[in-house]
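Please open the structure in your viewer and keep the selection tool at hand, since each stop of this tour begins with something to select.

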Amino acid sequence: MRIKSALAAAAVLALAAACGSGGGGGQSSSSSSSAPGEAVKLNFLSLAWQKESVAANKQIVDDWNKANPGIQVTYVQGSWDNVNDQLVTQFAGGTAPDVIHNESPALSGFAADGYLLDLTGKLPAELKSDIPQPAWDTVTFDDGKGGNGVYGVPFLQESQVIIANKKLLDASGVRVPTPDNPWTWDEFSEAAKKMTAKRPIVTSSSGSGTETGQGYGVAWAMKSPVNKTLNLALNFGGTFFQTGADGKTTVKVGPEEREVLQRIHDQLYKDKSADPAALGQGTADPLPAFFQDKFAMLPAGVYLRQQVAEQAPKGFEWVTLPAPKGTTAEQGAVSQTLSIAQDSKHPDEAMKFIAYFLNGENQAKLAKGDWLLPTSQKAAADPSITGKENGWDVATASAKNLVVAPFLKVKGFDEWKSKVATPVLQEYYANKISIDDVAKRLVEDGNKVLERYQR
Amino acid sequence: MKGTARPGEKEPREKRQGVARRVPQYLALAAYIVFLAFPLVWLLSTALKTPQEMALADPTWIPRDPTLSNFSDAFGEQDLVGAAGRSLVVALASAVITVLVALPASYAMARYRSLLNRIALGWVLVSQVFPFILIIIPLFMILRDLELVNTLPGLVAVHVTFTLPFALWMLQGYVRAVPPELEEAASVDGATRFRSIVSVVAPLLAPGVVATLLFSFISSWNEFLFALVVLQDPDVMTLPLTLVRFTGPEGVARLGPLAAASLMATIPSLIFFAIIQRRLKSGLMAGAVKG
């Protein structure tokens, strides 16, 4: 009887609480029209997730709200893994946040569907001139009416660098590359070979326990191989996509595209200078083995420095090296962006907030918090992100090599990436198929995917 | 004398044989418990480790340099307590409403055999075939028109809708297991159908009701996708939406705060389970219809 009473009471309480704590009271999250004299309310969906970055975001929003009582911004934290599922639904339902944090590859589809506001005529001159044109190119897309529109403000970018074990690097005697004089891919391969040898591998947390084992020069974490491969392929002019005279985009895998693929494959299976254990791992997964001296170099995005700095055992010394260069040092870039929803009732106020949020001073804070590169030229000169500590000097210098990633404007790229390129590249790096098979499948299967998006 | 045991001899031998038989059983049971407890213990261990210790070459169960900083980070950065409270409200409401709706419906499904009933049963099954992602936009539109977007009742309505079909199937199995003869006997004693349902069938369904409550509660407590699209304001967000904020792109996560927050997130459901699991026992009807 007691359990029945308890259940009944719980039911009543739960229902009462559920009905009484609606929060939104049926209002959509998107801003509503404000009565004269009332503060305009904006929702800002942020995807910041690192501790320092979240703190910087909240601080900037707080500062804005204090200085602008007439435009109040609500900070809403989302997550990278699910943001596009969330936005698809909210755009369709007309309840998307006013200001949306995302990354440039996701914008083209939303822009084509008319969900994002074209910011072309709204950008303040100061903001526009502070961010260089190559960064604006990452957010400029077909507006679906035969023209181009700017569908976001680019503010953080990622480049590839090499995070290296200083002790093993110094011991190898190789030339240490600098941003002005990076390794060529040949030099990189030679360096990796020199750092491949049987050596003491750390087996205890104190660092005193070691046992001799096979050490490698490099580790390629290729669980998600597409972006890394495509961005580095630009070193040799590999674009993977071409647009014909008829305006149709197709996949191409020629000598330029094969170059980086082949070189990584050679490190794994010909030189045997790459640790095969890291191949199936995600970006941060190889770090414990890196700290054990199992391999000497880890090519990764600049943001991984944060994890290295946080997790490195006491006494472990590491350095940041520039990525190798091929015929050029160019790398494909995507940007983190702030956009305004087409359905926002206060686009001008949203633009004012974005202009403040992404001014030089704030971009420097955001870049430092996320360990990424700011697009703002003023921010890039900020001493807090140009010093030698934690490789900021090398990371910031790598920004000059960033050019718009060719795949960014390819309709259907996401599907090509997940259904075709990811499994094909994983099989290739696992040595299950040849590079000719890679080329054949990327082109034939890929073109079938792209075809559907260009009818 | 061969084959006969002196008084007092047989019992110890049987006891010894019993104990010998039970040792492997207990060992297997202990191994199973370790297997089940492993994720929770590892979660606790991770929650108490520093970032450096998480990346060690020789990870240990017991943190060498235990820290509570992951808990302070998790609680300092996110409103975990508020989110847990809202999740509890949503999960309890969803579980209770699901059972209240499913109980009479399952009785009807189990006891009344008709073409309509069979069609209804089939439809309930078919409704489980659709992937959630396929119907999420129309569902969102309906909630928006009902002004239930961004509200906890809206989320409860969605959770009930999606838990109900399986709850119906679960409960109708329990109803079928109650012999109709018990209701007939009550009827012979003068009970009305309603009376026999309330006084005879319902008490026998307690284990089924508890199992359905648990299933509905846990489904709602853990649910992420619908909460993601239905709830938009920070002050209505539930626990799964709060936990995901410790993860970044490409599977990179802040493991320490995530483990600390996840550990806290398991506690309410563990308590709920501990309270309610005593009722989750079968065999209540053993011997109910003899001869």
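What covers the buried residues of H8(A)? Before looking, bear in mind that this is a predicted model. Select helix H8 of chain A, residues 185–194, and within this helix pick out the buried residues, which are Trp185(A), Phe188(A), Ser189(A), Ala191(A) and Ala192(A). If you turn the view to look down the axis of H8(A), these buried residues fall within an arc of 160°, and therefore they line one face of the helix. Now add to your selection what covers them, which includes helix H7 (166–172), strand S9 (210–218), helix H10 (255–269) and strand S12 (295–301) of chain A.

Next, colour chain A by its domain assignment, with domain 1 as residues 39–157 + 334–405 and domain 2 as residues 160–333 + 411–453. The C-alpha centres of these two domains of chain A lie 28 Å apart, and where the domains touch, 22 residues of domain 1 are in contact with 22 residues of domain 2. On the domain 1 side, select helix H4 (104–112), helix H16 (392–397) and strand S17 (402–404) of chain A, the elements that each give two or more residues to the side touching domain 2. The residues of that side divide into 12 nonpolar, nine polar and one charged.

Finally, move to chain B, for which an unreviewed UniProt entry lists residues 23–44 and 196–218 among the spans given as "transmembrane region". Select residues 23–44 of chain B, a span that is 100% helix and 0% strand, with its end C-alpha atoms 30 Å apart. Then select residues 196–218 of chain B, where the chain is 96% helix and 0% strand and the end C-alpha atoms are 31 Å apart.

Note on methods
Residues are numbered from 1 along each chain as its sequence is written. Chains are lettered from A and ligands numbered from 1 in the order in which they are written. This is a predicted model: local features need pLDDT of at least 70, side-chain atom pairs count only at pLDDT 80 or more; totals for chains, interfaces and linings use all residues. A residue is buried if 20 or more other C-beta atoms lie within 10 Å of its own, exposed if 12 or fewer, and partly exposed in between; C-beta atoms are placed from the backbone. Helices (H or I, at least four residues) and strands (E, at least two) are DSSP runs, numbered from the N terminus. The arc is that of the directions from the helix axis to the C-beta atoms. Two residues are in contact if their C-beta atoms, placed from the backbone, lie within 7 Å. UniProt positions are given in the numbering used here, feature names are shortened, and annotations may be inferred rather than shown by experiment. Domain bounds come from an automatic or database domain assignment. Ala, Val, Leu, Ile, Met, Phe, Trp, Tyr, Cys and Pro count as nonpolar, Asp, Glu, Lys and Arg as charged, and the others, Gly among them, as polar.
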